[in-house]
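User: Got a model open here and I'd like to talk through the backbone with you. Can we start with how the strands line up?

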Amino acid sequence: MTSQIKNYDEYVSAYKKSIEDPEAFWDQEAKGFTWFEAYSKVLNWDFNQAKSEWFINGKTNITYNCLDRHIKDRGDQTAILWEPNEPNDPVRKISYKQLLDEVCQCANALKSFGIKKGDRVIFYMPMVPELAIGILACARIGAVHSVVFAGFSAQALHDRINDAQAKLVVCSDYNKRGAKFIPVKKVVDEALNMGCPSIEKCLVHRNSSETVRWNWDRDIWWHHEVHKQNKTCIAERMDSEDMLFILYTSGSTGKPKGVVHTCGGYMVYTAYTFRNVFQYEDRDIYWCTADIGWITGHSYIVYGPLLNGATTLMFEGVPTFPDPGRFWAICEKHNVNQFYTAPTAIRALMAKGNEWPAQYDLSQLKVLGSVGEPINEEAWHWYNEHIGYQTAPIVDTWWQTETGGILISPLPNITDTKPTYASYPLPGIQAVLVNHEGQEIIENEVEGLLCIKHPWPSIIRTTYGDHERCKNVYFSAFPGMYFTGDGARRDKDGRIRVIGRVDDVINVSGHRMGTAEVENAINQHPKVIESAVVGFPHEIKGEGIYAYIISQNHLTDDNLKQEIIQTVAKEIGPIAKPDHIHFVEGLPKTRSGKIMRRLLRKIAAGDFDSLGDVSTLINPEIVDNLIHSRKV
């Protein structure tokens, strides 16, 4: 098992060791896992070639470490605790022994379809246990899984299938999501009908009693084929640097980037960060509300928890169904100890009122987590007070799809917390701020560009099929460093606050300002529900501040505008006052809840003719509304 830091002195000691001798530090951590064949060297790396190789020549299998090695001591313990969309439907509790059996059955089914080591398998499924079982089955036999969030359009799915040249798609018939009943297989059929020549079969999990269109040459029912398979499947011997999964993330060019993670390093790092960031103790109940379609779900619903022998809760539904108390009802029902969610969800639930969490006993919560974007101060305080009762520390985690695991975060009850600050780098993470010339900024109380100057085990290995793109995007801006693409501020004590993407930093009359910071100030106004700030061309200042604001009851009067401007001036200073306030009914968001600022910048600039693809938005119709109200 991976080690666990227990106090501040241990954190300081671990961090010092990890920086002075990274190879010795990670060698020690890797020894807590089962290796079928020992690695000959800990690390080879050359950032100028975008090269990082960990635990070289080591042979292992991540599912052996997630499942088989736990059977002796915790075979009957619940591995996956599944909460269905409908509150009155039965909960599923899958023990480690049952999970191993089901993963082996699914792995044998995949083999029967001709799937072998190195083949790519696409998943397009709701948050049901079979999604976790399926990706673990791929890892069991050495196939490469690529999960596409089951809310993306048929076009987006088609593009990802073809980029990965996948042989198999695994989907459900329907997806229950709140009050919605979504025909998932219909979307898959549409994608395949656009032309996906590499696809041979489509494995369909029955998630309803509805009928679906059927292609007898291609489609296979999960319950027909998987459940009849043998419950033994020997784990494939995987090289540490063999591909584990591809996960697609939006790129600045619009073409999705297939981020590649490999077996050994990803295993060691996700296990270490899960255990330490959440301070998981034996028999705790841990819940991450993300979807497995995103990296958070991969690392902190499936792999990180199972590598540590944890009980991980999966939730099929949404936070507001059947009412805005659902998250808190689940926390009470299952005595959840660690809760990990996104600021978007926190703000949405905060807007519904304090009476919802007040109905439930949340005293079992020991750690609260935040992920996906910097959490604004108002939401941080509400989360701390109304959910954590000011006793459960908030870990405001910063990381990326490309990093594989959390890089910067407080450690609960070990390091301090400060609203809006992701805090300190974790052991092994050599985070630095650099100026635009790439020179490292040593002093504190500064802003700069966030880079990492030494690899960690779960760093991106390549972008699938295009290593040059990986090199150009992440390693070319500042030679010898991984460039995160984020701007950051370091306070006098060395805590790091991620301001946002570099293109989300506005230069107003020579003053650099993070959009997250301005949004945080705007959101202090009691009548503001949510805001998004972008830069737009300004005749005098170079760049002005353009604020899109969702207000309570959709108020749009000039008095409210002036109050918001004064709030920002008070929070940051007159330089940060928005030049234009645009009251809107909604913001264009991706399926993971992130605001698509590229669109907002173009609309703010009056550039309506080159908006690009909006099919991956959860609410594409909002774009026309924004354009119309901008023109008025």
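Analyst: Sure. Keep in mind that this is a predicted model. A handy place to start is Thr 78, which stands opposite Ser 95 in β5.

User: How do β4 and β5 pair, parallel or antiparallel?

Analyst: Antiparallel, over four bridges, with β4 covering residues 78-83.

User: And which sheet are they part of, what's the strand order?

Analyst: An open sheet of seven strands, ordered β5-β4-β17-β16-β18-β19-β20, with mixed pairing. At the edges sit β5 (92-95) and β20 (394-396), each pairing on one side only. Neighbouring strands are turned by 20 degrees against each other on average, ignoring direction.

User: Which strands does α6 lie across?

Analyst: Helix α6 (residues 129-141) lies across β4, β5 and β17 (311-315), and its angle to β5 is about 25 degrees.

User: New topic: backbone oddities. Where's the cis peptide bond?

Analyst: Between Phe 321 and Pro 322, with omega at about 0 degrees. Pro 322 belongs to the loop between β17 and α12 (326-333). Most peptide bonds are trans.

User: What about phi at Gln 279?

Analyst: Positive, near 45 degrees, and this residue isn't a glycine. Gln 279 is in the loop between α10 (263-277) and β16 (285-288).

User: Why does Gln 279 count as buried?

Analyst: Because its relative accessibility is 12%, and the cut-off for buried is under 20%.

User: And Thr 420, what's its phi?

Analyst: About 75 degrees, so positive in a non-glycine residue. Thr 420 is in the loop between β20 and β21 (431-434), and is buried at 7% relative accessible area.

Conventions: Residues are numbered from 1 along each chain as its sequence is written. This is a predicted model: local features need pLDDT of at least 70, side-chain atom pairs count only at pLDDT 80 or more; totals for chains, interfaces and linings use all residues. Side-chain values use heavy atoms; hydrogens and water are left out. Two strands pair if DSSP finds at least two bridges between them. Helices (H or I, at least four residues) and strands (E, at least two) are DSSP runs, numbered from the N terminus. Axes are lines fitted to C-alpha atoms, for helices over the stretch in contact, and angles run from 0 to 180 degrees between N-to-C directions. Contact means heavy atoms within 4.5 Å. Buried means under 20% relative accessible area, exposed over 50%, partly exposed in between (1.4 Å probe, protein chains only).
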